[in-house]
Amino acid sequence: MRLAVEIGGLRLKNPVLAASGTFGYGVEYEGILDLSRLGGIVSKGLYLEPRDGAPPPRIVETPSGLLNAIGLQGVGVRAFVRDVLPRLRAHDTAVVVNVCGESVDEYAEVSRVLDQADGVHALEVNISCPNVKKGGMAFGGDPRLTHEVVTAVRKATRLPVIPKLSPNVGDITVFARAAEEAGADGLSCVNTLLGLAVDVESRRPRLGFGTGGLSGPAIRPVAVRMAWQAARAVGIPVIGIGGISSASDALEFLIAGCRAVQIGTANFVDPGVHEKVLAGIVAYLERHGLEDVNDLVGTLELPVAGPLPAR
Amino acid sequence: MPTNREAPLVRRERLEGPYFLLTFRHPEVAALARAGQFVMIKAGLSAEPPLRRPFSIMSVDPRDETFTLFIKTVGPGSAALAGLAPGEPAQCLGPLGRPFEPPPAGSQALLVAGGYGVAPFVLLSRELLAVGRKPVVFYGARRAADLPLQSPFAGLGVPLTLATEDGSAGVAGRVTVALEAHLDLHPGPAELLACGPEPMMHAVARVAQERGLRAQVSLDPWMGCGVGTCLGCVVWVKRPGEQRPKYRCACTEGPVFDAAELVWPGAAASRAAGGGRP
């Protein structure tokens, strides 16, 4: 059984990764999980400098979902390289670092620092965080800025560059193509959906930041649809993200055209969920007589005539 | 090191009203947990409610490989736990967090509980008794019906002073009224250890500050992961020597904090007073 996949030069031993913002820097789970069972770990987003993040409350449950506004609290890229990377190098898994910036220059600078570091396998470019006042979704909400950021990161590193796209746009294919044209090696689809939860007694937002990003099973059909659209629009591989908590959920993304998947919110519900998802994918491949997970990618059969838009 | 595993329900005891004692099999929690630590736990794997809940560990039985939670059912997560039948599994990660530190020898250990925040003080009383210390427990709530967890303290021979806001049991008034009366009668070295709704812990922190005592408080914000990855449970903490407060995770650097390091009020901008895990 072949489970290895490639995302534009990023080699993964299996297609199941832990999503940014739901797995810390990975080392928090040392001793609790066998990190080598993961195809890869995507770090919490990193800027050049440490950041406080958003005021609490930062998380709130919603129907089958989680609304969060953490605001990219983080230790900064240099502390990550100094304190965290040496520990991550001890684990046999791909390390993908989520790169943030308040400006194009900052994205490039963070990328340069990581390019020089030992133990980083790819960069995921965060142009889709809805919970910061500057940067984040602003870059992922305008195709020209998407192109500009990805171009700058591309120039700053030889590592595979994987922009993480926002679902808070009208047509994700525009952004997928802009990223591809700027030299992206793959795409992560998608980040959280912008949401608002209101405390009706106080008539205030339930999150300290106000709005937040919705994740979890509630968003999965939206995420599968957008990852599918992106995968059809570009030639580079797509990593599917959004509400995956079982093998069946992950298989939806693979069949829809994703080369790999990231598990996010479900890590909170069960930190060992990736092992169950991978075991379920293996069982599915066996049941369907498939030797290689890559043979499943993009095998969605479309109805001959139906509501699916032709591209 | 915490362990993530299925923890079957072993025993379920209904107390008054919405209160339950739930005992789960989890050898590592049973062997390692200390007072003030918690588990992240959820009944089954359904999408609803989405998250595990943090619950303070009330007691452990290492020989039985079990631990017990004191739960107030106020929403889908706690109700689902209380609805488990013996043998049915919960998903459980623990033990987690920083426990209460035993007060220095020679100072009174005054345990101040508000509502369902009384849970960790059963284990803490046992720990203190085991090293020859004699704690005193102050247990307050709105009304007598919200003081269901008294027998474990009687069983341990720990003095228990009750307080109710409506005067239906014990001292009439907030639990700090009973605490201050005790401090007036028994001056001298003492340390306050508190767990309950934030306004109550803020009041305990004020009492400690006014009287020059140390207070440890156990905070109760929403938590997503329990291990410091989601950064959802942060509180402002300012440690000695620091220029300004920093957001710190209640799950890994707490839930027990030195009250003097916290920024009150709003130390754990979290949930409605009165408490309970939805």
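Which helix joins β7(A) and β8(A) in a right-handed β-α-β unit? Read on to meet helix α2 of chain A (residues 104-115), which completes that unit.

A note before the views. This is a predicted model, in which local features need pLDDT of at least 70 and side-chain atom pairs count only at pLDDT 80 or more, while totals for chains, interfaces and linings use all residues. Residues are numbered from 1 along each chain as its sequence is written, and chains are lettered from A and ligands numbered from 1 in the order in which they are written.

**View 1. The β-α-β unit of chain A.** Here you can follow β7(A), then α2 and β8(A), which form a right-handed unit; right-handed says that, with the strands pointing away from the viewer, the path from the first strand over the helix to the second runs clockwise. Helices (H or I, at least four residues) and strands (E, at least two) are DSSP runs, numbered from the N terminus.

**View 2. Strand β8(A) and its two partners.** Strands count as paired if DSSP finds at least two bridges between them. β7 (residues 94-99) runs parallel to β8(A), joined by 4 bridges, and V97(A) stands opposite L123(A). β9 (residues 161-165) of chain A also runs parallel to β8(A), with 4 bridges between them; here E124(A) faces I162(A) as its opposite residue.

**View 3. A covered strand.** In β8(A), residues 122-126, 5 of 5 residues are buried, meaning that 20 or more other C-beta atoms, placed from the backbone, lie within 10 Å of the residue's own. In a regular strand the side chains alternate between the two faces of the sheet. On one side of β8(A) are A122(A), E124(A) and N126(A), on the other L123(A) and V125(A), all buried.

**View 4. Where chain A meets chain B.** Contact joins 28 residues of chain A with 27 of chain B, counting two residues whose C-beta atoms, placed from the backbone, lie within 7 Å. On the chain A side, β5 (59-62), β6 (65-68) and α8 (266-269) each supply at least two residues. The largest share, 3 residues, comes from β6(A).

**View 5. Chain B as a whole.** Chain B holds 6 helices and 16 strands. Its radius of gyration, taken over C-alpha atoms, is 18 Å, close to the 19 Å of the globule rule for 278 residues, so chain B is as compact as a globular protein of that length. That rule is 2.2 Å times the number of residues to the power 0.38. Of the residues of chain B, 55% count as buried.

Conventions: Buried ≥ 20, exposed ≤ 12 C-beta atoms within 10 Å, placed from the backbone.
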